[in-house]
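Biologist: Please choose a single part of this model and take me through it closely. I would like to follow it from its outline down to individual residues.

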Amino acid sequence: MNRNIPDIDDMAPDFKVLTASEEQFQLKSALKNTHNVMLIFYRGHW
Amino acid sequence: MAEIKRHYIDIIKYKTRAYAISVDTPKQSQAVASEMMLPFDLLCDVDKNVIQLYGLVNPFEHGGIARPAIFIINPDGRICYRSLDGTAHRVDLTHVLNFLKAHYENPALTNQKPGDKKWIIPSWQTTRQIMKNMVFRGSGADWKHYCLFPLSPIIIPIKKYKWKKKK
């Protein structure tokens, strides 16, 4: 497995992507409203 | 994702928002979200930048897809929970929910003990897709996740031994 996986206590790398409804999403902005963010990485459509 | 959907109210209760991310296009993700009636957003990492940033690229399947994983990031931007999973063996969601509850009570908490993984029995839909991939795409990678997982207590030590020997 890749060794560049961020570990516990590391700062989460910020990113910008589109949502399914084609809106902009930025991790940093999502964290601004004092909520935790749960990121679920999944395999996707295959 | 269906399990996360079932427990989404609990996740919200512990001041957490869930986002699922894959390399799918917005159109594909929209189809999944509608079909499963997901209450949370799906994010589309079409350029695979995010899965590279998080070190979760699986280059051996379908031209590069994400390895299943869960990260919980606190409002300061720090990772307080991490579970690196497999296609057929994922962290038990109870472990995630228990952590969220404890973290809600003590926001400085981080999870140091990995959760137990449970074996996912493929649904009929998944089995059909695996068969289709084998027949039409010549890809045998999918079925290996499900069929070889019961052998992992034997396979993992062998792999570790080989890796140590190589070092």
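**A close look at chain A and its sheet**

Modeller: Gladly! Of the 46 residues of chain A, 22% count as buried, where buried means 20 or more other C-beta atoms within 10 Å of the residue's own, exposed means 12 or fewer, partly exposed lies in between, and C-beta atoms are placed from the backbone. Please keep in mind that this is a predicted model, in which local features need pLDDT of at least 70 and side-chain atom pairs count only at pLDDT 80 or more, while totals for chains, interfaces and linings use all residues. As for names, residues are numbered from 1 along each chain as its sequence is written, and chains are lettered from A and ligands numbered from 1 in the order in which they are written.

Chain A holds 1 helix and 3 strands, arranged along the sequence as β-β-α-β. Helices (H or I, at least four residues) and strands (E, at least two) are DSSP runs, numbered from the N terminus. In the segment before strand E1 (16-19) of chain A you will find A:Asp9. Its phi is near 80°, positive although the residue is not glycine. Most residues other than glycine have a negative phi. A:Asp9 is exposed, because 11 other C-beta atoms lie within 10 Å.

Now to the sheet. It is open, has 7 strands and mixed pairing, and runs in the order E2(A)-E1(A)-E2(B)-E1(B)-E3(A)-E5(B)-E6(B); two strands pair if DSSP finds at least two bridges between them. Strand E2 (24-26) of chain A and E6 of chain B are at the edges, each with a single partner strand, so one side of each has no neighbour in the sheet. On average, neighbouring strands are turned by 30° against each other, direction ignored. Starting from the E2(A) edge, E1(A) and E2(A) run antiparallel and are joined by 3 bridges, with A:Leu18 opposite A:Gln24 in E2(A). H3(B) packs on the sheet, touching E1 of chain A and E2 of chain B, and its direction makes about 160° with that of E2(B). Axes here are lines fitted to C-alpha atoms, for helices over the stretch in contact, and angles run from 0 to 180 degrees between N-to-C directions.

Strand E3 (36-41) of chain A deserves your attention next. With E1(B) it pairs in the parallel sense over 6 bridges, and A:Leu39 has B:Tyr19 as its bridge partner there. B:Tyr19 in turn is bridged to B:Asp41 in E2(B), and E1(B) and E2(B) run parallel with 4 bridges between them. E1(B) is mostly covered, with 5 of its 7 residues buried. With E5(B), E3(A) pairs in the antiparallel sense over 5 bridges, and here B:Ile70 is the bridge partner of A:Ile40.

A:Ile40 is worth a longer look. Leaving aside residues up to four places away in sequence, A:Ile40 touches B:Ile4, B:Ala18, B:Ala20, B:Ile21 and B:Ile70; contact means C-beta atoms, placed from the backbone, within 7 Å. A:Ile40 is also among the residues with the most contacts inside the largest nonpolar core, which has 36 residues; A:Phe41, B:Ile21, B:Ala66, B:Ile70 and B:Phe71 are the others. Such a core is a set of buried Ala, Val, Leu, Ile, Met, Phe, Trp, Tyr and Cys residues joined through C-beta atoms within 7 Å. E5(B) gives the largest share of this core, 5 residues.

Stepping back to the whole interface, 34 residues of chain A are in contact with 55 residues of chain B. On the chain A side, E1, helix H1 (27-31) and E3 each supply at least two residues, and E3(A) gives the most, with 6 residues. That side divides into 20 nonpolar, 9 polar and 5 charged residues, counting Ala, Val, Leu, Ile, Met, Phe, Trp, Tyr, Cys and Pro as nonpolar, Asp, Glu, Lys and Arg as charged, and the others, Gly among them, as polar.

Technical notes
Contact = placed C-beta atoms within 7 Å.
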